[in-house]
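Here are my notes on the model, set out as numbered points for you to check against the coordinates.

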Amino acid sequence: MRKKLGILLGMVILGMFVLTGCGSDGGAVSNKDVKILLVLNQMDSFRGTLVEAARKTAEAEGAQFEFKDAEGSIEKQVNYLKSAGQEGYNVILCSPVNPETVVELKASAGDIPIVFINSCPDEKQLKEGKYIYAGSDEFVAGQFQAEYVLDKLAGRQEINVVLLKGEKAHSATAGRTSGVKRTLEDSGKTINYVFEDYADWDQGLAKHLFEIFLRTGSPVDCVLCENDSMALGVIEACKEADIDLSTLPVLGVDATADGCAAIKSGDMAFTVCQSGAGQGEAAVKAGIRFAQGEAADSLEGISEDGKYVWVPFEKVDSTNVSQYGN
């Protein structure tokens, strides 16, 4: 009898060892069982880069991946998140249509962890291991733009600035604007914002607004745009007005292919590389960890509080543009 009990106990221990061994590689859920849903706010060239990088990273990691575009509709985005649980998704990557809807988005997702991308929610809405943000520190993008202007116009004590901003409710707009203004104003120079408005990341609207500004006849020393599309709109307006772009620095953010081409041609002075590829990769890798019930504390760029995965910005001008925009 004692011998039979010993054999039985040995089988139980062996079974526990086998189960533990199977899970040691990737937690309770293996990569091939991870289902990732990416719900975008609205597609554009930068977000397209992010989505494609997320897709490729998921494939490389052996995870399942699905993409849905809310097309600027809060209702669509909420419905996609509500159905995610029923469709068996383990983790959601989400770029909020409006950051103010994050509470509703979290409720719609139920118990599914969310990695927010592209538009950062308020910090109080983030929670280590459950709700985090994978992206870049937007303040730094504005800081880099301002530093370029201060270096380029170092001989001027007074600088006249045109500032074209992104969408009013977007976290990138707030961060980039703050970075520009604080860095310029901390320089001790006199900074005049001769024109400032929201161009909503849109090339056509930026062109229209800059044409309105040109009709005022006000002096301008530089044009800071919070993405490359808006900078390209300003460049169009300048060309039509026969403005020599070598004398008027136009700056963007994102280092898109078109933005980098404009730097190579001498039309744009400077941009900041926001790595959509880096952000997509970081979001997927964090998402897989969460789906497996693991911590993300070993991920490159993870903040001390575990709420952010930071992907660095990089300065791009004529001296290094050949490395970008391909």
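At what angle do helix H5 and helix H6 pack, and how far apart are their axes?

1. This is a predicted model, in which local features need pLDDT of at least 70 and side-chain atom pairs count only at pLDDT 80 or more, while totals for chains, interfaces and linings use all residues. Residues are numbered from 1 along each chain as its sequence is written, and side-chain values use heavy atoms, with hydrogens and water left out.

2. H5 (residues 138-152) and H6 (residues 171-185) pack at about 35 degrees with their axes 6 Å apart, where axes are lines fitted to C-alpha atoms over the stretch in contact and angles run from 0 to 180 degrees between N-to-C directions. Helices are DSSP runs of H or I of at least four residues, strands runs of E of at least two, numbered from the N terminus.

3. The largest nonpolar core (buried Ala, Val, Leu, Ile, Met, Phe, Trp, Tyr and Cys residues joined through side-chain atoms within 4.5 Å; buried meaning under 20% relative accessible area with a 1.4 Å probe, protein chains only) has 31 residues, and Leu164, Phe210, Val223 and Val234 have the most contacts inside it. Helix H8 (228-240) is among the elements that give two or more residues to this core, and H8 gives the most, with seven.

4. A search of the whole structure finds zero disulfides, a disulfide being a pair of cysteine sulfur atoms within 2.5 Å. For Cys222, the nearest cysteine sulfur is that of Cys225, 10 Å away; the sulfur of Cys225 is itself 9.1 Å from its closest counterpart, in Cys238, which is too far for a bond. Cys222 is buried, at 0% relative accessible area, and Cys225 is likewise buried at 0%.

Methods: Buried < 20%, exposed > 50% of the residue type's maximum accessible area, 1.4 Å probe, protein only.
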